[in-house]
Amino acid sequence: MTGIGPAPILFNEFFQMFTRCMPPNGWPVNSKIAVGNSGGPDSTCLLFLLKQLLTDLRSKAMARQSIPTSVVSLSVNHNLQENSQLMAARSAANAAAMGVEHLTLDIPWGTPPFSAKPVAGQPMEQIGREARYHVIFDGMARTGAHSVAFGHHADDQVETSLMRLARGTTELGAGGMRRCRRWGMGTGDAEGGLGWVGHHGLDRWIIRPLLDVRKVRAAQHESEIGFLATCEEHQLDYVNDPTNFQPEITLRNAIRQMLTLQEEGKDMSALSGLPQHISASLDKIKIAAADLQETTMDLEGGLHQLHGAVKVLSSRLEDVDNEVTFHLKNLTLPSPPSTLILSSHALPDVVDPTVRLAFVLRVMRYVSFHPWGSLRADGNRRRSSVQRIIDTLWQSDGAPPFTAGGGVLWQPVIFSAKRRLRVGTQCLGRQLQLGERFAWMASRLPAVPYYMLDTAKLSSKLDVDITERLAIAISRGDDSLEVLFDCRFLVRFDLSQIPETLVGALQKYQETGVNVRIKPHTKYYWPKVVLQKPSYPDTTYATLMDNGQIDTFGFPPWVTMEYIRLLDAT
C-alpha cells in the first residue's frame, strides 16, 4: 500500500530491539551505555529512544533486571568539512535538550597516532573511520561506558552488504553488521598506535538496535516503521550530512545514490562520471550479487527486495554461528594452553561448506597472535588460503604441518587420554594404538624454533621490557599491573606480593642495567618473567606450565597468566 506514512517507533518495539542486542552475558550492574551521536536523524532517534527507555525501565519493576543505568552521548568532530562544527553543535544541543551527558571528541589530525588530515585522492572514508573509532573508544573509557550504540539502520545494512560484496566477501560477510559484537583488540598493530585498544576491547561492546528499521518516509506495508517518522513524532531536531549525497566521494555514497535512483525510477546517468575505482566496485557488486547461493539479490528489484535478501543472509549468519559453536564443543579435545586440538574422526560431521569456513575462521581467531577481531587474525579471509586449510583438515589425516596465514600453525597430532601427546611429523605414517586417535592441533606460528628462543633476537612483541612500568607502578604504590603479551596472554602482577629481591633490583635499574622482561618459552610460546643482569644468566621468576598453573619458584603467587583470546562468535 504505497504512500502510507510509516509509523514512529514505539517504546515497546524499541525495547524488543534493544533486548536483541544484549551482550551474551548480559549488561553489567550499574553500567553506562554510550550513543555515537552524529546529530543526524538516525543517531538522534536512537539517543531519544534509549534515554526514554532506560528512564522508563528504571521507574518500573523491570528495574530489577540488569540494564544500563545511564546513557552518554559521544560526538566526533572530524573537521573534514565545512559543517563539521555545526553537526557537533547540533549533537551537543540535542543531548542537552534530552538531559543526557555529552562529550564532543575532536580528532587531532597530525598528532600521533593520527595521520595528517586526509586530502582528495586519499581513502578518506577509511582514514576517517579509523580515527573516529579510535576517539570513540577513548570517549567510552573517559566516561566509563561499557557499550556503545550506533544508529545503523536497515538501509545502512544493505549498503554494508553490497560494499562487502565489492571486496569479494563470502556470504557470511554479505550478512552485514551484527546487532551485537565485541569491540575487539582493535585494528592497530602495537600499543599506542591508531586503532589499538588491546585487551580492554574484549569486554567492550558495539550494539546496533535499529538494524531492522528503515529510513523511509513512504511505507510499503502498514506495519512498517521508520526513524524519520519517530523524529517527526517527537519533534526532534537533526541535521543531514550533505556529503552523504555526493556519490563521487565514497563507494557507500555511490551505492546509496544508485539505490535511490532505482527506487525512484530515475535515469542512472548521474552515476556516469564517478571515479574509476568506484565504478569498478559497482560492477563487482552486480556480479557478486548474482552469484549468491543463499538468496536472490536483485539490484534492480528495489530496496524492499534487497532488505529481504540481506535479512536472509543475516539470519543465515546467526544460524552458522550457532552451528559452529555446537561443532566446536563436540570436536575439541583437551588441549595445551593457547592451542586447540580437534578430533579428526568427527570433522566429517561438519558438511556444510559455509559452516566449515566459519569453523576454520573461528579457530584461527582463537589461536592467532594478531589482534583478536582483526582481519589479520582471520588470515585476511583470503579464500584460497582458508580453502587450503579446509581441504587439508577434512581430507587428510597424514598431512605434514602447514600454515596458511593468520599466524596459525596446523599440525597433525595423535591424541590419547593416557599417553603423551604426539605432535607434528612424528605422527606421519604411524599406526594408531589402542585408545589413540588422529587429530589436528592449531597453535601459534613460531617466529623461531623454540630451542632458539633464549638466544635469538626477538621482536618487542615477544621480548617485552616491563622494567620501567614495574618500577613506576611500585613507586606510585599501585596494587597491580597488567601487561598484554603477544595479543594472547594477560599477565597480571600482584605488587603487594612481589619478591623483595626483585623490588631491590628495580630500585636502581637505571644505574645497574638490570631489567625485567616477559619472554616466550616452549614451542607454544607461553610467557615467562625473567630478571636480566649484565654478565649474569637470566633468573626466571614465573612461568606458565602445561597444566595451566603458574610456577613462581617458591615465591608467593604474585603473577597470573591468563589466555584471554575467545572462541565465541561475537
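Student: At what angle do helix 2 and helix 3 pack, and how far apart are their axes?

Tutor: Keep in mind that this is a predicted model. Here helix 2 and helix 3, the latter spanning residues 84–98, pack at an angle of about 20 degrees, and their axes are 11 Å apart. Angles under 35 degrees count as roughly parallel. Helix 2 and helix 3 are therefore roughly parallel to each other. As for handedness, helix 2 passes helix 3 in a right-handed crossing.

Student: Which residues of helix 2 and helix 3 meet?

Tutor: From helix 2 you have Thr44, Leu47, Phe48 and Lys51, and they meet Asn94, Ala95 and Met98 in helix 3. Sort that contact by class and you get four nonpolar, two polar and one charged residues.

Student: Let's try another pair. At what angle do helix 5 and helix 7 pack?

Tutor: Helix 5 (residues 154–166) and helix 7 (residues 251–263) pack at about 120 degrees, with their axes 10 Å apart. The crossing of helix 5 past helix 7 is right-handed. On the helix 5 side, the contact is made by Asp156, Val158, Glu159, Thr160, Leu162, Met163 and Ala166. Helix 7 brings Leu251, Arg252, Ile255, Arg256 and Leu259. By class, that contact has seven nonpolar, one polar and four charged residues.

Student: Now helix 1. Which of its residues are buried?

Tutor: General idea to start with: an α-helix has 3.6 residues a turn, so residues three or four places apart point the same way. In helix 1, which covers residues 11–20, the buried residues are Phe14, Phe15, Met17 and Phe18. Look down the axis of helix 1 and these buried residues fall within an arc of 165 degrees, so they line one face of the helix.

Student: What do the buried residues of helix 1 pack against?

Tutor: Their partners are strand 1 (32–36), helix 2 (41–58) and strand 6 (205–207). Find those elements in the viewer and you can trace the packing yourself.

Student: What about a single residue, say Val355: buried or exposed?

Tutor: For a single residue, check its relative accessible area; buried means under 20%. Val355 has 0% relative accessibility, so Val355 counts as buried. You'll find Val355 in helix 10 (residues 353–367). Leaving aside residues up to four places away in sequence, Val355 touches Val320, Glu323, Val324, His327 and Val350. For a sense of scale, pick Ser535 too: Val355 and Ser535 are 180 residues apart in sequence and 55 Å apart in space, C-alpha to C-alpha.

Student: How do I read the backbone, then? Which residues does a cis peptide bond join?

Tutor: Start from the usual pattern: most residues other than glycine have a negative phi, and most peptide bonds are trans. In this model, a cis peptide bond joins Pro112 and Pro113, with omega about 10 degrees. Pro113 sits in the loop between strand 3 (101–106) and helix 4 (124–143).

Student: And phi? What is its value at Ser338, and what is it at Asp486?

Tutor: Ser338 isn't a glycine, yet its phi is positive, about 75 degrees. Ser338 lies in the loop between strand 7 (332–333) and strand 8 (340–343). With 4% relative accessibility, Ser338 counts as buried. Asp486, also a residue other than glycine, has a positive phi near 60 degrees. Look for Asp486 in the loop between strand 14 (480–485) and strand 15 (489–494). Asp486 is buried, with a relative accessible area of 5%.

How values were computed: Residues are numbered from 1 along each chain as its sequence is written. This is a predicted model: local features need pLDDT of at least 70, side-chain atom pairs count only at pLDDT 80 or more; totals for chains, interfaces and linings use all residues. Side-chain values use heavy atoms; hydrogens and water are left out. Buried means under 20% relative accessible area, exposed over 50%, partly exposed in between (1.4 Å probe, protein chains only). Helices (H or I, at least four residues) and strands (E, at least two) are DSSP runs, numbered from the N terminus. The arc is that of the directions from the helix axis to the C-beta atoms. Contact means heavy atoms within 4.5 Å. Axes are lines fitted to C-alpha atoms, for helices over the stretch in contact, and angles run from 0 to 180 degrees between N-to-C directions. Angles under 35 degrees count as roughly parallel, over 145 as roughly antiparallel, 65 to 115 as roughly perpendicular and the rest as oblique. A crossing is left-handed if the near helix is turned anticlockwise from the far one by less than a right angle, and right-handed if clockwise. Ala, Val, Leu, Ile, Met, Phe, Trp, Tyr, Cys and Pro count as nonpolar, Asp, Glu, Lys and Arg as charged, and the others, Gly among them, as polar.
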